[in-house]
Amino acid sequence: MADLLQAQDVHVTYRTPAGSVTALADVSVSVPDQGMTVLAGPSGSGKSTLLRVLSLVEKPTSGEVLLNGSPTVPLSAARRRALRRKDIALVFQNPADNLITHLTVADNLRAAAQAAGRPEDVEAVLEQLGLPGTENWRVPALSGGQQQRLAFGCALARGASVVLADEPTSQLDAVSADLVLQTLATLPVPVVVASHDPRLISLADKTFSMVAA
């Protein structure tokens, strides 16, 4: 098993009117190329910040992030965007934030595939996600859990090498959260999840525990 993503001695500091705030202090973590890795910890422990750093959305103040062994921090913003479009899918807490809400389920999947220059296989993705028969539904007709499942489906349609999810069950009721947990456990690509949900942590192949400063 090889490491797909690595954060090495990552430090993130934000400047605020009240002074500098440290979100991450010399954090190192590795993500294998299979299974589920959970960044576990309470609010304020830096889980979401680390997830943004690993997803190449945010550059660390210092330290390095490796994708397939290659450094990413020195890269230009355009090159980092290209890597995110090709290899990395980031799923947000709010289900609707992950989707184009005025489009149908099928059109969201097609748009994701087209953005990555990949062939469309809507029916296969919907079957894999347990969402057959919803292809003509618009996003608001889906439950929160179904929307999150569709967001993971868009990641698969894009051909992402890794899916990163920020508290994907935090805004869902128990039934919808169970749907998302089932999907996360069966995705065919490595998954990194920031969460304090004990049910999700129990599914992890690897857990990285974080504490609030």
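This dialogue discusses how to read strand pairing, helix packing and a salt bridge in a predicted model.

Colleague: Which strands form the open sheet with parallel pairing, and in what order?

Modeller: In this predicted model, that sheet has 5 strands, arranged as β6-β7-β8-β3-β9. β6 (88-91) and β9 (206-209) stand at its edges with a single partner strand each, so one side of each is left without a neighbour in the sheet. On average, neighbouring strands are turned by 15° against each other, direction ignored.

Colleague: Over how many bridges do β7 and β8 pair?

Modeller: Strand β7 (residues 162-166) and strand β8 (residues 191-195) are joined in the parallel sense over 4 bridges. Within this pairing, Val163 has Val191 of β8 as its bridge partner.

Colleague: What is the strand order in the open sheet with antiparallel pairing?

Modeller: Its 4 strands follow the order β2-β1-β4-β5. At the edges are β2 (19-32) and β5 (70-71), each of which pairs on one side only. Strand β4 (residues 62-67) runs antiparallel to β5, and 2 bridges join them. Leu67 is placed opposite Ser70 in β5.

Colleague: Which strands does α1 lie across?

Modeller: Helix α1 lies across β1 (3-16), β2 and β4, and it runs at about 120° to β1.

Colleague: How should one describe two packed helices?

Modeller: In general, the description consists of the angle between their axes and the distance between the axes. Here, helix α5 (residues 144-158) and helix α6 (residues 174-186) have axes that come within 8 Å and cross at roughly 20°. That angle makes α5 roughly parallel to α6, since angles under 35 degrees count as roughly parallel. The crossing of α5 and α6 is right-handed.

Colleague: Which residues meet where α5 contacts α6?

Modeller: From α5, the participants are Gly145, Gln148, Arg149 and Phe152; they meet Ser176, Leu179, Val180, Gln182, Thr183 and Leu184 in α6. Sorted by class, this contact of α5 with α6 has 4 nonpolar, 5 polar and 1 charged residues.

Colleague: When can side chains of opposite charge pair?

Modeller: Such side chains can pair when their charged atoms come close. The structure holds 7 salt bridges. One of them is formed by Lys47 with Glu167, whose closest N and O atoms are 3.5 Å apart. This pair links distant parts of the chain: Lys47 belongs to helix α1 (residues 47-54), whereas Glu167 is in the loop between β7 and α6, 120 residues apart.

Conventions. Residues numbered from 1 in each chain as written. Predicted model: local features only at pLDDT ≥ 70, side-chain atom pairs only at ≥ 80, totals over all residues. Heavy atoms only, no water. Axes fitted to C-alpha atoms, helices over the stretch in contact; angles between N-to-C directions. Parallel < 35°, antiparallel > 145°, perpendicular 65-115°, else oblique. Left-handed = near helix turned anticlockwise from the far one by under 90°. Contact = heavy atoms within 4.5 Å. Nonpolar A, V, L, I, M, F, W, Y, C, P; charged D, E, K, R; others polar. Pairing = 2+ DSSP bridges. Salt bridge = Lys/Arg side-chain N within 4 Å of Asp/Glu carboxyl O.
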